[in-house]
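Okay, folks, thanks for squeezing me in. Let me put the model up, and then I'll walk you through a couple of spots.

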Amino acid sequence: MTGVYPMQMRILSKSKLMALRQCPRRLWLEVHQRELRRDPPSSEARFAVGDLVGELARSLYDPDENGQFVDIDVLGVEGGIEHTAALLDKRVPVFEAGLQGGGARAFVDVLRPTRKGSARTWDLIEVKSSASLKGSHRDDVAIQSYVARSAGLPLSAVKVAYVDTSFVYKGHDDYQGLLREVDLTQDAESRQREVADWIAEGQAVADLPEMPVTQTGLQCRTPHRCGFLDYCRTLEAPVEFPVQWMPRLQGSLREHVRSQGIRDLRDLPDPLLSPQQLRVKTQTLSGLAYFDRAGAQAELADVCWPALFLDFEAVQLAVPIWVGARPYQMFPFQFSLHTLTQDGSLNHAEYLDLSGEEPARRFAEALLALVPMEGTVFVWNASFEQSQIRALAARFADLRGPLQSLEARLFDLLKVVETRYYHPAQKGSWKLKRVLPTLVPDLDHAALTEVNDGHMAVLAYTEAVQPDTPAERRAELDRALRAYCAMDTEALVRIWQALRNPG
Ligand code: SF4
């Protein structure tokens with residue numbers, strides 16, 4: 001379906017209008033210099049999850065299998081819009097339906113034929129892989145609704161369908177109930193004037209001969225990290241102490257940064273900072289590390305030997321594949337354990353399940369078999385390991401007692417570091433990878449290439465458990481996962497030793 005436009009009117013896609021919502025310069029760059037965009041690796045994984053949920057939505061919204069998918073990779077944008085117009089007469093569900101009207105175009109995830117009285121209408125549904133409704137989803141469907149109405153499509157409802165985390169997979173490819181619909185018809189209708197203004201603004205911005213002058217700021221990471229960030233930074237005078245190094249930039253402090261256009265830590269007023277933020281500012285400006293060695297030693301003085309250093313890796317899937325699993329439920333599949341005895345001997349044990357079967361039970365059994373019954377268990381950010389152990393204890397009544405006593409022995413090394421230590425090279429982060437090189441320069445995650453963070457570990461796991469992954473590749477991923485997890489617990493040992501070192 002197409003509308004009638006003045007000859008020269010530029011038609012903006014929904015994604016371009018969403019780019020405008022983030023920042024006018026981003027829209028201009030998308031139109032004129034898209035080749036400068038560098039999306040972070042995490043967006044690839046996000047898009048892959050979106051595709052997976054989108055594919056599933058097609059089967060959920062088309063149980064009779066008479067729906068039609070508009071493939072713009074084959075048809076092209078114009079072809080997709082024309083093909084959609086032809087499909088609408090058939091009154092069947094249309095997926096990735098191409099619509100154009102009011103100066104914009106959108107490809108709608110689902111158009112479902114409905115009736116309102118005697119009128120033939122459509123439900124417009126946008127499918128999201130997230131576990132909740134977000135502000136940007138409202139913008140998204142407001143644009144789609146505007147385009148559909150401008151194209152003359154009678155809508156009965158405008159909805160977002162997102163992943164319902166209370167859904168439990170019962171097997172047999174039965175995903176009925178995976179998506180939860182939220183009706184945004186009224187909301188989208190009430191924003192039609194707003195959308196018209198975005199389109200007019202977007203067309204004006206896109207037609208500018210020069211890129212708009214915009215300063216990088218908090219908008220560059222909201223709702224997602226902008227792919228032009230590296231480029232935009234090259235255009236600005238370098239900031240010696242970027243404000244992004246300040247942790248927990250939230251609430252009134254965030255608003256102050258935004259409203260004042262603050263780019264440098266030096267311009268943050270001390271009275272607005274928490275004690276920890278003030279320390280970050282002070283140490284960054286002085287270039288010196290803060291280390292309350294006596295305090296750290298006092299906190300780490302009581303050790304029940306052997307000292308144990310434990311780290312888990314876990315996967316969460318938007319579309320559960322194991323019976324009884326919920327969307328985005330965490331499943332630990334790997335752990336590494338270093339054991340240090342009082343006489344200084346260090347041993348390593350590990351567990352990794354790449355069978356592709358639901359890993360929780362075997363993981364819990366291996367954990368109890370390999371972690372000694374005695375000893376303080378040091379972890380980094382205990383809330384993660386704690387929540388995993390609790391979930392296992394809740395599921396497996398026969399293992400509950402030993403799992404609960406393991407949980408009781410956890411000791412969070414991060415808490416000590418957060419209060420007793422800060423090095424300017426951490427740049428406001430207490431991730432293990434940031435702290436490690438400042439205390440233990442000879443141990444570096446950068447030496448690991450295939451897997452060197454939790455995100456890559458999940459990607460490696462997901463690839464390794466695919467039935468069609470060749471055995472050689474699986475072995476490679478197995479090695480990379482083991483090396484990564486082992487380095488994490490070796491890092492815990494070395495940080496613990498550095499903190500206890502009398503200096
Ligand atoms: S990096 Fe920031 S300033 Fe540059 S285009 Fe993106 S959002 Fe705009």
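Quick bit of vocabulary: helices (H or I, at least four residues) and strands (E, at least two) are DSSP runs, numbered from the N terminus. This is a predicted model, so local features need pLDDT of at least 70, side-chain atom pairs count only at pLDDT 80 or more, and totals for chains, interfaces and linings use all residues. Residues are numbered from 1 along each chain as its sequence is written.

Let's start at the ligand. A residue counts as near it if its C-beta atom, placed from the backbone, lies within 6 Å. By that rule, 13 residues surround the ligand, and the closest are C23, R26, C220, C226 and C232. Helix 2 (24–32) and helix 8 (229–234) each give two or more residues to that shell. Which helix gives the most? That's helix 2, with three residues.

Now, strand 3, residues 94–101. Buried or exposed? Eight of its eight residues are buried, meaning 20 or more other C-beta atoms lie within 10 Å of a residue's own, with C-beta atoms placed from the backbone.

Who are its partners? Strands pair if DSSP finds at least two bridges between them. Strand 2 (residues 68–69) runs parallel to strand 3, joined by two bridges, and Q68 sits opposite V94.

On the other side of the story, strand 4 (residues 104–116) pairs antiparallel with strand 3 over seven bridges. One of those matches is F95 with V110. Strands 3 and 4 make a hairpin with two residues between them, and G102 in the turn has a positive phi of about 65°.

Notes
A residue is buried if 20 or more other C-beta atoms lie within 10 Å of its own, exposed if 12 or fewer, and partly exposed in between; C-beta atoms are placed from the backbone.
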